[in-house]
Amino acid sequence: MFVPPPEKFRIHSGWGSTVKNDEMKKEASAEDWLGGGGEMGKVIRSMDWSRTPLGPISSWPQSLRTTVSLCLASNFPISLAWGPRHVQIYNDGYWPICGAKHPGSMGQDFTECWASAWPVIGKAFERALGGQTSYLENQRMFLDRNGYLEETFFTFSFSPIRDETGKVGGLFHPVTETTSRMLNERRMRALRDLAARTGKARTIDETFTVAAQTLSEFELDLPFILFYQLDPQGKEARLAAHAGLSPGTEACPAAVNLASSEAQPWPFSEIVRSPEARQVDDLRSRFRSLSCGPYPEAPKTALLIPINLPGYERPAGVLVAGVSSRLPLNETYRAFYDLLAAGVTAAVINARAYEEERKRAEALAEIDRAKTEFFSNVSHEFRTPLTLILGPLEDELGERKDPLPGPRRERLEAAHRNSLRLLKLVNTLLDFSRIEAGRAQASFEPTDLSAFTAELAGVFRSALDKAGLTLTVDCPPLSGPFTVDREMWEKIVLNLLSNAFKHTFEGGIKVSLREAGDHAELEVTDSGVGIPEAELPRLFERFHRVKGARTRSHEGTGIGLALVQELVGLHGGTVRVKSREGRGSTFTVSVKAGRSHLPADQAGKARAPSSTAARAAAYVEEALRGSPDAPASSAETGASVHAGPRARILLADDNADMRAYVQRLLSGRYQVVAVPDGAAALAAARSDPPDLVLSDVMMPGLDGFGLLRELRAQGRTKTIPVILLSARAGEESAIEGLSAGADDYIVKPFSARELLARVRTHVDLARLRSAWAQELEQANKELEAFSYSISHDLRAPLRHMDGFAGLLAKHAKDSLDEKGRRYLDTIAGAAKQMGRLIDDLLDFSRVGRVKLRKAPVAMGRLVEEVRRGLETGGRRISWKVGELPEAEGDEALLRQVWVNLLSNAVKYTGKREEAAIEVGACREDGLGIVYSVRDNGVGFDMKYADKLFGVFQRLHAAGEFEGTGIGLALVQRIVARHGGTVRAEGRTGEGATFSFSLPMTGAMA
């Protein structure tokens, strides 16, 4: 046997060892390039790649190694598909995209891994294998990465990778998931459409219907929508609107009896008991026949969200919204549902407010209709006796054979003039009532408007001459006749001339008529006292008079200019006014030529003058009753265009272009004040509160949210509607804005129609609320005046009762038996009690009308004077009066406050052996100085605290404690007029404390 030499053996052994070491070093160096790479680097290094089509890592070509190394080193989501079997390798950035498929997706055939997305990505993949790069943006696809098909969006590319042979060895696949952004944009479109469309709804049912119709267009996020309206008692849920499910099915019943013990399809009863959102997860087992779009698989989950309205204990309704079977119900998706419910709730609030306003308007319209009918009836009834008065008067005044003596004639002429005036007033009321009732019948006929207008104006020449005024008539011939109702035109011209004459004392009046295109324009210009700018918006309002205006006469119906506007409107024309106080006014009436704009059945035929034809003499006689040099009077004249003044919008935005754009959009309809930041907006709002604030969110210094907080913190500005504008399109931002107290939240970019619609809605609602408040205030004033008048008139008979009772007691008391004397004492006592009641009523009604005479008031001195006046010799009263700060107010009224509070304390401690009354004061933030009166009397149950300050409210029988039930109501009214508040605290049998606050003066603050 051959034995090799030892040295050869050693050489051979050394060579073998060297070869083995070289192979090991080669394997090790092959894995060096896989160092790092994050978590996916670890996964790749730990895998046995020899079991994959790629083979062991040591056999990978350099092109693959380089590509994998680049992929792992990048933070951008990247995947590779290598070789004929498209083996997938990806980095840490791509890992979340794989979802639950990881780690099995590492090394998997790319086409198998993403088979669910192949309808979208397949062609791009094949083109890249052919050597052509493909790039696709925001592609919608369904991925089976978490155990279900999930709706997703991606921007990605496929690029070919050349291997050592120059052929396509694999594909480079960078990708960005845009699901969140695309879903947010889609959901914000849904919210915008919902707000824009439901903003026009006028009833709650219409709101639900429009909302369901709108949201049915967004079935990818809302596979079904149900709106159930709850009755006020919470006993029944009625299906108001639906989308995605058929009504009457198991999941969409027409009505649900919440009082029944039977199982309910949806947990409505739970929401009624606790108005919070509920999640229902077992839909497929709960409703075995559930079927709806947009996917073959039915939703598994739904959310029930109550529609809670401010001030209501129970929800107005419930929103049942399906959750997409191909989307995860994450926080963003939930926020969308919350914002959806908030939008529907806002629309319901607006609709309910509109319904309430409509009902109130209908009630007011019915009252107005009844009043108009009354005016019409009364006017008709007046006409018969007036005819019988005017006829004989005119016969007597026209007698030629046996003319009347001078004095008798003057008396009859005065009667005739006033009869004519009364007829004019009656005719005016009748005309106006006919127009209001829609029964005005016009007869439009072609008329030489220049000649007719000049003739009417000339009627006033003698009156102006007597007053030392000039009359200029400038009515050149027009190109042709204009179609007007002659009687109505007569009233238009004569009312305007009469109004001008009434308020002009120097200079003169000019009447002119000109053609302006296809219109004729009548101008009546005077050099009179003019109209204050603040009164112009109300000038054509019926019964409105300008207070303090200098005028020739206090007489008139107050509807002359309102009638002018109505008559011009029946001609399809317009009337407007320009005026400067102290310089005069110009009224311009514009009517259109032709007859196409007039009712066909009223145009083209003339009529004989009717009984309502204006009597020019009556206008002139009424005008002449005023002296040319009459002193200024308190008469009031005409009022405002029914549309009212333009609303003021305060716009705040730091971007000059955006500010100019929004201002341009709004300025056609509103008066817009634009400022560049929140601080300037706050200053402007405090100085002159606008009708609405439109503010950007992101601004330097004081931003939109800061401005909102400041506005809501102050009483003068806290009710101003605020709309926030923002470029932050996330749902969370909108929720944040609405939660902060904004009335609306508009995301940029927005459409002009959307902005105008939302601004108009909030301005109209604010004006309705304001008008409502003003009407209530006016009604309250009228009630005060009525009670004052009644109380005042009751005093005279009461004095007679009291006086005759006294005389009877003085002269006949000895002749009366005991029963008679008792009756007499009862009469005298009742008269005194009624006298006190009348005095209190007069005080109560007077407080609302008397002008406050504010001055510093020493409250300590005032209390001491009142206390001395209440001292009674037969009772022990322990008085404790602390230091009382000086107040600013009307001393006489504040004395009444102390008289009522201290006399109440004395009265209700009458059953105590020793009464204790304590008077004090303190300062409280937000209230100013709080004065209090505490006693140890009978007290009261706190559940009646709200009744104490009402008129005629008593907690004790009249026989137990005397009083009229007006004193505390008077206290509240006086304190309220001083800008303060009142409150009461007490316990039965343990006494009471009555407090009132007054604002601190500058010195005290």
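Buried means a relative accessible area under 20%, exposed means over 50%, and partly exposed lies in between, with a 1.4 Å probe and protein chains only. This is a predicted model, in which local features need pLDDT of at least 70 and side-chain atom pairs count only at pLDDT 80 or more, while totals for chains, interfaces and linings use all residues. Residues are numbered from 1 along each chain as its sequence is written, and side-chain values use heavy atoms, with hydrogens and water left out.

**Exercise 1.** Find the place of asparagine 138 and decide whether this residue counts as buried, partly exposed or exposed.

Solution. Begin with the chain: asparagine 138 belongs to strand β3, residues 134-144, where helices (H or I, at least four residues) and strands (E, at least two) are DSSP runs numbered from the N terminus. Next take the accessibility, which is 24% for asparagine 138, so the residue counts as partly exposed. Finally look at the backbone, where phi of asparagine 138 is near 45°, a positive value in a residue other than glycine.

**Exercise 2.** Describe the backbone and the surroundings of histidine 86.

Solution. Histidine 86 has a positive phi of about 55° although it is not a glycine, and it sits in the loop between β1 (78-82) and β2 (87-90). Its relative accessible area is 15%, and therefore histidine 86 is buried. As background, most residues other than glycine have a negative phi, and most peptide bonds are trans.

**Exercise 3.** Locate the cis peptide bonds that precede proline 103 and proline 294.

Solution. The bond from histidine 102 to proline 103 is cis, with omega near 5°, and proline 103 is placed in the loop between α4 (95-98) and α5 (110-113). Glycine 293 and proline 294 are likewise joined by a cis peptide bond, with omega about 0°, and proline 294 lies in the loop between α10 (283-286) and β10 (302-307).

**Exercise 4.** Which residues does glutamate 918 touch, leaving aside those up to four places away in sequence?

Solution. Glutamate 918 is part of strand β27, residues 914-924, and with a relative accessibility of 33% it counts as partly exposed. Its contacts (heavy atoms within 4.5 Å) are with Lys880, Ser932, Val933 and Arg934, not counting residues up to four places away in sequence. For arginine 934, which is 16 residues apart from glutamate 918 along the chain, the C-alpha separation is 5.0 Å.

**Exercise 5.** Compare the expected span of helix α25 with the distance between its end C-alpha atoms.

Solution. The expected span is 1.5 Å times one less than the number of residues. Helix α25 (residues 891-908) has 18 residues and should therefore span 26 Å, which agrees with the 26 Å between its end C-alpha atoms. Its buried residues include Leu893, Leu894, Val897 and Trp898. At the start of α25, a side-chain oxygen of aspartate 890 comes to within 3.1 Å of the backbone nitrogen of alanine 892.

**Exercise 6.** Where is alanine 255, and which residues does it touch beyond four places away in sequence?

Solution. Alanine 255 is in strand β8, residues 255-257, and it is partly exposed, with a relative accessible area of 42%. Not counting residues up to four places away in sequence, alanine 255 touches Glu236, Ala237 and Arg238. The C-alpha atoms of alanine 255 and glutamate 236, which are 19 residues apart along the chain, are separated by 7.0 Å.

Key
Polar contact = N/O pair within 3.5 Å; in protein donor to acceptor, adjacent residues only side chain to side chain.
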